[in-house]
Every structure is written in structure tokens, then in C-alpha cells.
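Open the structure in your viewer and keep the selection tool at hand. Each stop says what to pick and what is there.

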Amino acid sequence: MEYLIPILLVLVIIIIISNIIIVPQANEYVIERLGRYKTVLQAGFHIKAPFIEKVARKVVLKEQVVDFLPQPVITKDNVTMQIDTVVFFQVTDSKLFTYGIQNPMAAIENFTATTLRNIIGDLELDQTLTSRDTINTKMRAIIDEATDAWGIKVNRVELKNIIPPSAIQDAMEKQMKAERERRESILRAEGEKQSAILVAEGLKEAKIREAEAEKEAAILRAEAEKEAKIREAEGQSEAILMVQKATAEGLRMLNEAAPSSAVINLKSLEAFEKAADGKATKIIIPSEIQGIAGLAKGIAETIKE
């Protein structure tokens, strides 16, 4: 009897400890009492009633990713291909997730496959290969609406791989090769055209520069000739002016010296000699100067004898 109380205390402690529940962060536990839904335990420390309450399901609230196996689908133009999908979802209601459907993952996989077949069935092969974003958006909207009743929020649906038949792949590769060769030919032709245009523009620019250089040279030559003529004319003008000044100075000095008539006549004779300059064939000499010339000749002959 003395050991009964300690034993009972130990049993009570064990029962209390076994009914302590610590719910991790981003998790929820669904509690049932006598087989019926009782409550949902949030993250933290909890104690459930022993024997009559149990944890029916542990639900993870974090976003989860499910990668489904490739599914055979047929396009509108009767091409069969394999497409696998990736679904990103998150549990928003633990109660609905527990009691809304028997196997949520299998339900999502099957519903995703049927939705994918329905959407691809309205598209042709080329549209299927180029409309990934459109297909993803449609699938996410349809699946998310259906899974609301299961307490699941579908965030994204992505087509992972689109695998057409091998014959279609070979044809597509040949088409892509031909397209690449066509683009290469176009780029090469464009390059040659651009090169020819640049060469022509370069020749044109060179001719323009050459013509401008010749024009500048002609202008410089003309300016040089003009400058030379101007300087020559200025030199001749200066020489004439100096001769005139010298002549005027000589006349002034001669006038100041009060020369006799004989000297004046002699100067006139010298002037006539200069006027003849060995080129005149006929010179008319005034009578006054003729006498002086004869006198000068006689004097010269007398000196010679």
C-alpha cells in the first residue's frame, strides 16, 4: 500500500508528459475527441486530454513543391507529346485539408493531368511550344479554384518539360538549321552591302577632299600671282616715282644754279641722245641745238688731230 501512491504519481506524470504537445513553427495539428473534430493546435505548447483526444493529422503550412511525372497529351493537330508539370502549393486551412478530400496529393496530380490535357487539346503544336506562360496561367487559375474546397492554395504551376515525338524533334531541328542558315545568309548579304556602301562613301569622301584640296591650291596660286603682280606694280610705281623725284630734284638744282643758254642747249642735246637710245631711226633737232652740236663736233675733231 505504501508503494501505491508513488506508482500512481509516476503514472500521472507519464500520462501528463505523453499528452504534452509542442507544435513546431509553420505547422498545425488537427485534434479529434472521441473520433470527432475538436480543434486545430497552432505553433506552441499544448496539452490534450488523455485517452479521449488524439492528433488526427500534422499539417505543414510552408509552401510545398510537387513534381509530377510526364503525362501523355494530344494537341489539336493530333501530335502526342509528353509533358511533366511542377505545382507549388500551400495549405491554408488544416481542417479542410484533413477532411475535405481523402488523398490531397493524388487529387492534385490527377486534376493537374486532366486540366493539362484539356488546355493542350485546344492548342496546336507550335502554340504549345510557344505558349508556356499562357498554359501555366490557365492551369494555375483552374487548379486553384478547384482546390479551395480542400484548404489548398495553388501559387504556381509550371510546365517543366515538353517532349514531342522523335520524328517531330528531327523535323524541328532541320527547320531550325534551315532558319539559322537563312539568317546567316541574310546577315552576310547585309554585311557585304554595308561594306560596299562604306567603300563607296569613302571614295566619294576622298574625291570631295581631293577636289577641295585642288580648289584651295588654285586659290592660293591665284592669290600668290595677284600678290606678285601687286608688288611688281608697286615696285614700278615706286621706281617711276623715284625717277620723277630725281628729275624734279635735278631741275630744281639746275634752276638754282642759273645755267647759261649754252648749258641748257647742251642738256637738251643729252636728252635727245637718251631719247634716241640707239633705236630711233630719225630725230628732229632744233636749229639752236644743231649749232651747238656742230661746235662740239669741231672741238672733238681738233682734239683728235
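The tour runs from one acidic side chain to a helix and then to the nonpolar cores. Bear in mind that this is a predicted model.

**Stop 1: Glu32**

Select residues 27–33. This is strand β2, and Glu32 sits in it. Now show the side chain of Glu32. Does Glu32 have an opposite charge to pair with, and which side chain of opposite charge is nearest? Glu32 is buried but forms no salt bridge. The nearest oppositely charged side chain is Lys54, 4.3 Å away. That falls outside the cut-off because a salt bridge needs the nitrogen within 4 Å of a carboxyl oxygen.

Add Tyr99. Its side chain makes a polar contact of 2.7 Å with that of Glu32. Then fill in the surroundings: leaving out residues up to four places away in sequence, Glu32 also touches Tyr37, Lys38, Ile52, Glu53, Lys54 and Ala56.

**Stop 2: helix α3**

Select residues 104–120, helix α3. Check its length from end to end. At 1.5 Å a residue, its 17 residues should span 24 Å, and the end C-alpha atoms are 24 Å apart, so the two agree. Colour the buried residues next; they include Ala107, Ile108, Leu116, Ile119 and Ile120.

**Stop 3: the cores**

Stay on Leu116. In the largest nonpolar core, of 30 residues, Leu116 is one of those with the most contacts, along with Met81, Ile83, Ile135, Met139 and Leu159. Elements giving two or more residues to this core are β8 (80–91), α3, α5 (132–147) and β9 (152–163).

Zoom in on Ile83. Its contacts include Leu69, Val73, Leu116, Ile120, Leu159 and Ile162.

Finish at Ile21, Val23, Ile31 and Leu41. They are among the five residues of another core, apart from the largest one.

Key:
Residues are numbered from 1 along each chain as its sequence is written. This is a predicted model: local features need pLDDT of at least 70, side-chain atom pairs count only at pLDDT 80 or more; totals for chains, interfaces and linings use all residues. Side-chain values use heavy atoms; hydrogens and water are left out. Helices (H or I, at least four residues) and strands (E, at least two) are DSSP runs, numbered from the N terminus. Buried means under 20% relative accessible area, exposed over 50%, partly exposed in between (1.4 Å probe, protein chains only). Lys and Arg count as positive and Asp and Glu as negative; His and the chain ends are not counted. A polar contact is a pair of N or O atoms within 3.5 Å; within protein, one must be able to donate a hydrogen and the other to accept it, and residues adjacent in sequence count only if both atoms are side-chain atoms. Contact means heavy atoms within 4.5 Å. The expected span of a helix is 1.5 Å times one less than its number of residues. A nonpolar core is a set of buried Ala, Val, Leu, Ile, Met, Phe, Trp, Tyr and Cys residues joined through side-chain atoms within 4.5 Å.
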